[in-house]
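This report looks at salt bridges and at how much of their residues can be reached from outside. The structure is shown first, and the account of it follows.

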Amino acid sequence: MRYENLVFALSAAVVLSLAPVQPACSGGADEGAIQALQQLVKNQQQQLDAQANEIETLKGMLNSLLGQTEQNTAAIAEKAKEMENLQSESMVVSKIPRVDVSVYGQINRAGLWADNGDASQVYFVDNIFSSTRMGIDAAAKASDDLNIGGKLEYEIISNSSNEVNQDQPDSSATMKIRHADTFAQSKTLGKISLGQGSTSSDGTAERDLSGTSVVSYSAVQYQAGGQKWYDDSSDTVLLSQVKSVIDNMDGLSRRDRLRYDTPVFSGWQLSASAIEAEAFDGALSYSRKFGGTAVAAAFGYATPGDLAAWENQYSGSLSVLLGSGLNFTLAGGIQEYDVVDRDNPDYWYGKLGYKTSLFPQGASAFAVDYGMWNDFDLNGDEAQSLGLAFVQEIADWGTEFYLAYRLYALERDLADIADVNSVMAGARVKF
């Protein structure tokens, strides 16, 4: 040890410095001097040992402090890394500290093949079953019972699957507001919403637990609604389109409105809206799980004021998902006209589906559906649609891949309308 070497060197130096020149003297005097010298060396050695012990103690304290410093440095570095990750995940931060803001969106693009009996064509479209969109949610906790917030959402569409046809193979890109909405929500009193957003009846005809709604639900016209019917008997492409004779009567959609929703009571909820152009609607909805079985249902009533020609509309839907993955969906509606010689349009729609996990990455969903629509475009019209759909979810990617086939048929007086066949395949990516 270096301390032992130091002690030896100091001891030697002390001995040499204190050793006197040996004079010619008696042996007794020499022995006394030697004893004194030995005692002095012994005392010096004890002092040096004490100093060495103090040095070892100080060294231990220093090492302990250095260890704590390293631990603190590592902890600080880890905390800094956590903060950096948090900042990278929260790219959008409100200027108001108590307001939470989140950005969300989706892109839903597909290839569409359609044949109206006269001509067939391939289109590259935005899938309007669940259109491309982007939005911002904001919310502040005003109290333990009250949240204040808003939603701003835009829809960005290039080539709508509901618009393209043989005469118009592409449609201009559009960007429109879906939501510009503010709300106050109380756990005990319910929710009040003001602005552009879903009316109470919006979505009441579209309750669907099949897992295939990205490409198949009661609004079946969204797959190829722009296709024009072809009359074999006159060899004529009609002005009437698929979407002219098929509609799922899904309330009053999104409008500028004042809306109130009650709290949820055992799965039940009531809602009512006062809407622009003197329109009004209301809805009753239900959502509940019983063990492994899920149930979702809704019924809506709407009177459109100056927004539409019909007087009253009633629509609803019911969907049941069993624990086995088997599921059933029904939807239907009727519109009442106060017009002479105008029949009231109505429809019904049914779906049988199955959800399973073919792959570990996410749910796999299959469905077959069928519906009938009467008197939408002209009195006596009877339109039908049959569809097959498959959707594969990749949960970690926020992505769903889908493939769907749909047949549209129309029976019309004094015409021989050819069926419209269509196939759509694409992907929806959420973020």
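A residue is called buried when its relative accessible area is under 20%, exposed when that area is over 50%, and partly exposed in between. The model described here is predicted. D137 has a relative accessible area of 25%, and therefore it is partly exposed; K151 falls into that class because its relative accessibility is 26%.

The side chains of K151 and D137 meet in a salt bridge, with 3.1 Å from N to O. This pair links distant parts of the chain, since K151 belongs to strand β4 (residues 146-157) and D137 to strand β3 (residues 133-141), 14 residues apart.

A further salt bridge joins K176 and E155, whose closest N and O atoms are 3.7 Å apart. Here too distant parts of the chain are linked, with K176 in strand β5 (residues 174-186), E155 in strand β4, and their positions 21 residues apart. K176 counts as partly exposed because its relative accessibility is 46%, whereas E155, with a relative accessible area of 6%, is therefore buried. Both residues also belong to a network of salt bridges that links E153, E155, K176 and R178.

In the salt bridge between D261 and R259 the closest N and O atoms are 2.9 Å apart, and both D261 and R259 are buried.

The three pairs described above are set out here.

| Salt bridge | N to O distance |
|---|---|
| K151 and D137 | 3.1 Å |
| K176 and E155 | 3.7 Å |
| D261 and R259 | 2.9 Å |

The count for the model comes to 14 salt bridges.

How values were computed
Residues are numbered from 1 along each chain as its sequence is written. This is a predicted model: local features need pLDDT of at least 70, side-chain atom pairs count only at pLDDT 80 or more; totals for chains, interfaces and linings use all residues. Side-chain values use heavy atoms; hydrogens and water are left out. A salt bridge is a side-chain nitrogen of Lys or Arg within 4 Å of a carboxyl oxygen of Asp or Glu. Helices (H or I, at least four residues) and strands (E, at least two) are DSSP runs, numbered from the N terminus. Buried means under 20% relative accessible area, exposed over 50%, partly exposed in between (1.4 Å probe, protein chains only).
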